Amino acid sequence: MFSGKGGVGKTTLSCSFARQLAQQRPTETVLLLSTDPAHSLGDVLLVAVDNTPAPLPDRPNLQVRALDAVALLEQFRADYGTVLELLVERGSFVEGNDLSPVWDMGWPGLDELMALLEIQRILRDREADRVVVDMAPSGHTLSLFALMDFMDTLLEALGQFQQKHRTLTETLAGRYTPDEADTFIADMRHDLEQGRGLIQDSDRATCWVVGIPEPMSWAESDRFIAALKRLGVPLGGLVINRVMQESGQIFDTHCRVLAEFATIAQGQPVLWVPAQPNEPVGAAALDGLMPQVKRFDLETAGAEPAVDNAPVHQWPTPIPPGIEDLVTAGRRLIVVGGKGGVGKTTVSAALSWGLAERHPEANLRVMSIDPAHSLGDAFGQSLSHEPTLLRPNLQAQEVSAEVVLDQFRADYLWDLADMMAGDSEIAGGIQLAYGPEAWRQIVAQALPGIDEMLSLITVMDLLERNEQQLIVLDTAPTGHLLRFLEMPTALGDWLGWIFKLWIKYKDVVGRVEFMGRLRTLRQRVLVAQEKLKDPQHTEFIGVVQNQSAILAEASRLTHTLSDRGIAQRYIVHNRYQTGFDLPTELFPHQCVVRLADLAPAPQPFDQVKQAAHLLLE
């Protein structure tokens, strides 16, 4: 498994490694798999890749596949939908046929859940001798691994639903015969145990963390490696990409960062890959990459690292056009998005800082809603869920899903769990606690994919309180950004389904006051959806770099935003080099803002200030 901060080269290295592995083991089948909802295997391999495994023309023993969560859900429903609906019916007040609409609604965490189940199936069925996984960026990779614990709890809850049915049957009929629900629970528990055993077995599986020689990459890698250890996922080592060298010697600045990476490697190897003169896409370039990988130690780096001879530059000159003064323009929300690693966090920090400087009378807040937060790294200080004052009129916050989930449980989920259980007195005096306890166990978990929903609710709360004139959002990479933007529709659909259930069963469940609170929540969600699509309220700013895989993903994102009625006026071309402009046909309706390479600086915050100077008109 390859993971790490977005944009550091996970997909490129996964593809290169898988091609080399297939070449070295021609009698074995190698499967290269992408679990990132914003798939880019095809952009790097320069072949079409979809949910059906297909061999590469020049490596017939290498199968390539990009998981499609929607298609996998359809298959999962065909295989297990009936028995799952039966189990939920046994554990709630709901009849089975009332559950069918759930399959067609947006599921938080669907990508991670389907990926986990499919990886387990691939391993169980031995579809390949070797599996190489191009994972989503680190925050959502951790969400996928954490799903193993969530699945344990979910299966325990389903088991209690079944126990309720078993007890009732034995009490009323005198005996019980195991049915398909018992088989499903036993099989799923066995598969989960086997899958966890393999993923946590250092003899059979490993996660390589990919980084680049920059402090922000090091900081996120440090947090990610610590989380892998807590989850019991073995670390294979680190691969540091895009290392600069001269005459075979690593630049001194990069050598120092590599030494820092070695301190967090937990005794595992630290490998490094030289910066490439051209973007490594296609078979020839990818095959040329792995032979360049070297192991890092001070001797390999050279007793005397190469001195970085790049002079200390003055700040670059702004290149018009810039981004207009969005406070004066009346915007309330700026959403900064794009592929991982293109510079979203730096642009978010820079816009908030620059606008706060211009408008000392306006209260602004910059927020990270990426579960792998790096906003604090950009400002050079620790941030948390509680807002930190960066200047008198600018606050910074890294949204904690755990904190917001606790509040969301108190406001809605505990009541919803009790309502779904629907247990009071059954069959003439028999009282069963299985239902309520099971639903509360589910709600007590960190529900998969809930980050996007809670981020939306957090932003809604802030905008409604009207304490900030403008909020700048530093978002997760593309695939999960789209999930955030889809969340008003998904949450609205779920709440609408709950209302229909309540209307049908209100004489049984009561809870009129609770349904009033849910109606208010749904109204707020619909208002949030309108605001996201209102160009006078919300400004969406895309960030790209001039690389084919990045531009391909950005172009898909732009078209998706347009299809959903979300306006996008600006594209920030980060690390712009004179003469290397973006193809004009890619973003015909957007203003391209060219952000030149920032001057070297001892602290990331110094570069944030530079970017603020360069971005705004």
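**Helix packing and sheet architecture in the predicted model**

Helices H11 and H19 are roughly perpendicular to each other, since their axes meet at an angle of about 70 degrees and angles of 65 to 115 degrees are placed in that class. H11 covers residues 344-358 and H19 covers residues 604-615, and the two axes lie 8 Å apart. The crossing in which H11 passes H19 is right-handed. On the H11 side, the contact is formed by Thr346, Val347, Ala349, Ala350, Leu351, Trp353 and Gly354, which meet Phe605, Val608, Lys609, Ala611, Ala612 and Leu615 of H19. Sorted by class, this contact of H11 with H19 comprises 10 nonpolar, two polar and one charged residues.

The structure is a predicted model, and its confidence values bear on how these features are read. Mean pLDDT for the chain is 88, with 94% of the residues at 70 or more. Residues 425-431 remain under 50 in pLDDT, and for this stretch the model has 11 contacts beyond four places in sequence. Where pLDDT is low, predicted coordinates should not be read in detail.

A second helix pair is formed by H16 (residues 478-509) and H17 (residues 512-532), whose axes come within 9 Å and cross at roughly 155 degrees. H16 and H17 are therefore roughly antiparallel to each other, as angles over 145 degrees are assigned to that class. The crossing of these two helices is left-handed. H16 contributes Leu485, Pro488, Thr489, Leu491, Gly492, Leu495, Gly496, Ile498, Phe499 and Trp502 to the contact, and these residues meet Val512, Met515, Leu518, Arg519, Leu521, Arg522, Val525, Gln529 and Leu532 in H17. The class composition of the contact between H16 and H17 is 13 nonpolar, four polar and two charged residues.

Attention turns next to the sheet. Eight strands make up an open sheet with mixed pairing, arranged in the order E14-E15-E13-E16-E12-E17-E18-E19. The edges are occupied by E14 (388-391) and E19 (591-596); each has a single partner strand, so one side of each is left without a neighbour in the sheet. From one strand to the next, the twist averages 25 degrees.

Both senses of pairing can be illustrated within this sheet. Strands of a sheet pair through backbone hydrogen bonds, either parallel or antiparallel. Strand E12 (residues 333-337) pairs with strand E16 (residues 470-474) in the parallel sense over four bridges, and Ile334 stands opposite Val472 in E16. At the E14 edge, by contrast, E14 and strand E15 (residues 394-398) pair in the antiparallel sense over three bridges. In this pairing Thr388 stands opposite Ala396 in E15. E14 is joined to E15 by a hairpin of two residues. A helix is also packed against the sheet strands: H18 (residues 548-563) lies across strand E17 (538-544) and strand E18 (568-576), and runs at about 160 degrees to E17.

Two backbone features occur in loops. The peptide bond from Pro320 to Pro321 is cis, with omega near 0 degrees. Pro321 is placed in the loop between helix H10 (298-301) and E12. Arg126, a residue other than glycine, has a positive phi near 50 degrees. Arg126 belongs to the loop between helix H4 (110-125) and strand E5 (130-134).

Note on methods
Residues numbered from 1 in each chain as written. Predicted model: local features only at pLDDT ≥ 70, side-chain atom pairs only at ≥ 80, totals over all residues. Heavy atoms only, no water. Axes fitted to C-alpha atoms, helices over the stretch in contact; angles between N-to-C directions. Parallel < 35°, antiparallel > 145°, perpendicular 65-115°, else oblique. Left-handed = near helix turned anticlockwise from the far one by under 90°. Contact = heavy atoms within 4.5 Å. Nonpolar A, V, L, I, M, F, W, Y, C, P; charged D, E, K, R; others polar. Pairing = 2+ DSSP bridges. pLDDT = per-residue confidence, 0-100.
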